[in-house]
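Open the model in your viewer and keep the sequence panel beside it. The stops below each give a selection to make and a note on what is found there.

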Amino acid sequence: MADQPVAASNKLDATVLKIAGVIVLGAIMSILDVTVVSVALPTFQNEFDASYARVAWTMTGYTLALATVIPLSGWAADRFGTKRLYMLALFLFTVGSGLCATADSIGQLIGYRVLQGLGGGMLMPLGMTIMTRAAGPHRIGRLMAVLGIPMLLGPIGGPILGGWLIDVASWHWIFLINLPIGLIALVYAWFALPSDRPEPSESFDFLGMLMLSPGLALFLFGVSSLPETATITATKVWLPMLVGAVLVIGFVFYSFRPRHPLLDLRLFKNRNLSIASLSLFVFIIAFMGAGLLFPSYFLQVRGESTLHAGLLMAPQGIGAMLTMPIAGMLADKIPVGRTVPFAMTLIAAGFFTFTQVGVDTSYWLLCGSLFVMGLGMGGTMMPIMTSALKTLTHHEVARGSTLVNILQQIGGSIGAAVMSVILTSNLNESAPIPGAVDPETGKPVTEAGLAIASQLKPEILQQFPAPPELIRKGLEFTADSFASTYWVGFILVLATFIPIAFLPRKREVSHIDDDVAGEKAPVIIH
């Protein structure tokens with residue numbers, strides 16, 4: 001008898017879809033904001049008369065805030081309730097967006113971006129918790145497919161939206177556009193999210209917070225400074241990385257002592273969670289790191305506008321949209337260990353094309369490869385997340401989703417920094433142009449540097465006249481540098497096959513049902 005309601009509710013009903021709508025709105029705001037701002041960096045340089053390294057902190061500050069607040073999400077969700085906390089996160093993100101649009105200096109903008117990140121950091125882990133609890137174990141795959149849409153479309157839609165808003169209006173609108181969406185999401189959340197029962201009995205792990213949150217922030221600060229310094233020996237890089245690593249390692253040893261640690265590493269005793277988390281971590285480093293450089297190739301080698309570069313990335317999103325709903329349904333019926341390796345093969349096949357890029361590589365070939373990668377992406381990320389959370393108990397879901405999001409954030413930051421350093425190192429080997437010196441930095445102008453500058457700003461050739469064959473040579477060197485960097489990403493993609501080989505190949509037994517039944521499902525009763 002107890003199984004009948006579950007069997008009858010294998011499809012997503014109206015109540016669950018209403019909840020999913022709120023979470024998707026929040027995810028769209030949070031994820032789009034990362035990629036939209038990346039388009040605006042040159043605009044910020046001109047607007048605030050700041051260097052690229054300085055304006056890049058509008059992204060880095062947001063990332064550090066995310067990493068700092070994510071560990072608190074699991075405890076706070078249990079302590080205050082997911083609905084209240086999710087609405088607070090939406091509020092902070094929306095207010096931060098409004099303040100960003102009023103910034104008069106780059107320092108103000110960075111500060112407001114940190115406030116945005118404090119809200120944005122809680123949106124994803126809380127959203128995953130709410131959706132997982134509401135759907136039940138038999139529908140996690142379908143629901144994760146819904147949540148995965150903004151996660152995959154954000155990097156594609158962001159550059160298109162950002163480029164268009166800056167072209168037709170001003171940079172302020174990349175933040176102002178969040179205000180109506182945020183207000184709608186807040187009202188929607190008030191009515192759609194189910195009331196849940198906070199559990200005030202758990203004590204807060206202050207010592208753990210003092211170790212983990214600053215540790216993560218310092219470590220990622222050092223990693224994020226790598227592209228700017230181009231060397232790990234710079235004090236700005238190794239010192240925060242070392243201190244951060246010591247704090248995080250200290251937390252790992254300490255976290256097994258308290259009854260209610262800030263981040264419950266005991267959950268890694270669950271084999272499915274451990275294997276899925278490791279698979280996701282390696283995959284994020286490989287794909288997200290190199291994936292951020294795909295638009296850069298179109299901008300710097302092919303001379304496309306920001307808007308066109310965003311549009312050229314669209315096939316990846318289209319491919320993901322086609323396979324994600326199918327992968328979500330399959331994840332509820334077939335063990336992910338049987339489907340994810342096939343999806344990863346598609347990603348590897350599409351990725352290989354980018355290791356061969358040149359100055360004139362066919363757009364049909366590149367867009368076709370992006371489409372194939374998108375097909376694979378749609379069948380990879382969400383099924384792995386489903387596997388990670390599916391066998392956790394109802395009470396463990398909040399802390400499990402926090403662990404998964406922490407690993408995603410760290411993996412994405414490491415991947416982006418490492419790939420940027422490799423590309424920068426390759427480009428720095430370009431031959432200098434005799435007698436050409438950059439008046440701003442005092443450094444020699446290289447062939448690759450001039451070629452990239454001529455693609456981004458053709459008027460630069462008036463300041464540094466150069467024959468076409470020299471520009472062509474610089475572009476060929478730049479294309480080769482991108483190809484070499486993509487080779488590193490491709491090898492890491494292949495390395496992902498090792499952990500995914502251990503993903504479950506038999507039907508997983510879920511514990512959420514039993515746990516929820518014992519608690520009378522407090523999270524799905526209005």
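Start by selecting Glu-447, which is buried, with a relative accessible area of 11%. The model is a predicted one. Now add Lys-473 to the selection: its relative accessibility of 46% makes it partly exposed. The two side chains form a salt bridge, and the closest N and O atoms are 3.6 Å apart. This pair links distant parts of the chain, since Glu-447 belongs to helix 21 (residues 447-456) and Lys-473 to helix 23, 26 residues apart.

How many salt bridges are there in total? The count comes to three. Side chains of opposite charge can pair when their charged atoms come close.

For the next one, select Arg-472 and Asp-360. Here the closest N and O atoms are 2.7 Å apart, and the two residues form a salt bridge. Arg-472 lies in helix 23 (residues 468-495), while Asp-360 sits in the loop between helix 17 (336-354) and helix 18 (363-378), so the pair ties together parts that are 112 residues apart in sequence. Color both by accessibility: Arg-472 is partly exposed, at 36% relative accessible area, whereas Asp-360, at 54%, counts as exposed.

Keep Arg-472 selected and add Glu-476. These side chains also meet in a salt bridge, with an N to O distance of 3.3 Å. Arg-472 and Glu-476 are four residues apart in helix 23, which means that about one helical turn separates them. Glu-476 has a relative accessible area of 36% and is partly exposed. Show Asp-360, Arg-472 and Glu-476 together: salt bridges that share partners join these residues into one network.

Move on to helix 12, residues 235-254. Does its length from end to end agree or disagree with what is expected of 20 residues at 1.5 Å a residue? The expected span is 28 Å and the end C-alpha atoms are 28 Å apart, so the two agree.

Within helix 12, select Val-237, Pro-240, Met-241, Gly-244, Phe-251 and Tyr-254, which are buried. These residues cover an arc of only 160° around the axis, which puts them on the same side of helix 12. An α-helix has 3.6 residues a turn, so residues three or four places apart point the same way. Turn the helix around and select Val-246 and Phe-253: on this other side of helix 12, both are exposed.

Next, look at the cysteines. How many disulfides does the model contain? The count is zero. Two cysteines to select are Cys-100 and Cys-367. Cys-100 is buried, with a relative accessible area of 0%, and Cys-367 counts as buried at 17%.

From Cys-100, go back along the sequence to Val-95, found in helix 5 (residues 82-101). Val-95 has a relative accessibility of 32%, so it counts as partly exposed. Finish by drawing a distance from its C-alpha atom to that of Leu-115: the separation is 8.3 Å, for residues 20 apart along the chain.

Conventions:
Residues are numbered from 1 along each chain as its sequence is written. This is a predicted model: local features need pLDDT of at least 70, side-chain atom pairs count only at pLDDT 80 or more; totals for chains, interfaces and linings use all residues. Side-chain values use heavy atoms; hydrogens and water are left out. The expected span of a helix is 1.5 Å times one less than its number of residues. Buried means under 20% relative accessible area, exposed over 50%, partly exposed in between (1.4 Å probe, protein chains only). The arc is that of the directions from the helix axis to the C-beta atoms. A salt bridge is a side-chain nitrogen of Lys or Arg within 4 Å of a carboxyl oxygen of Asp or Glu. A disulfide is a pair of cysteine sulfur atoms within 2.5 Å.
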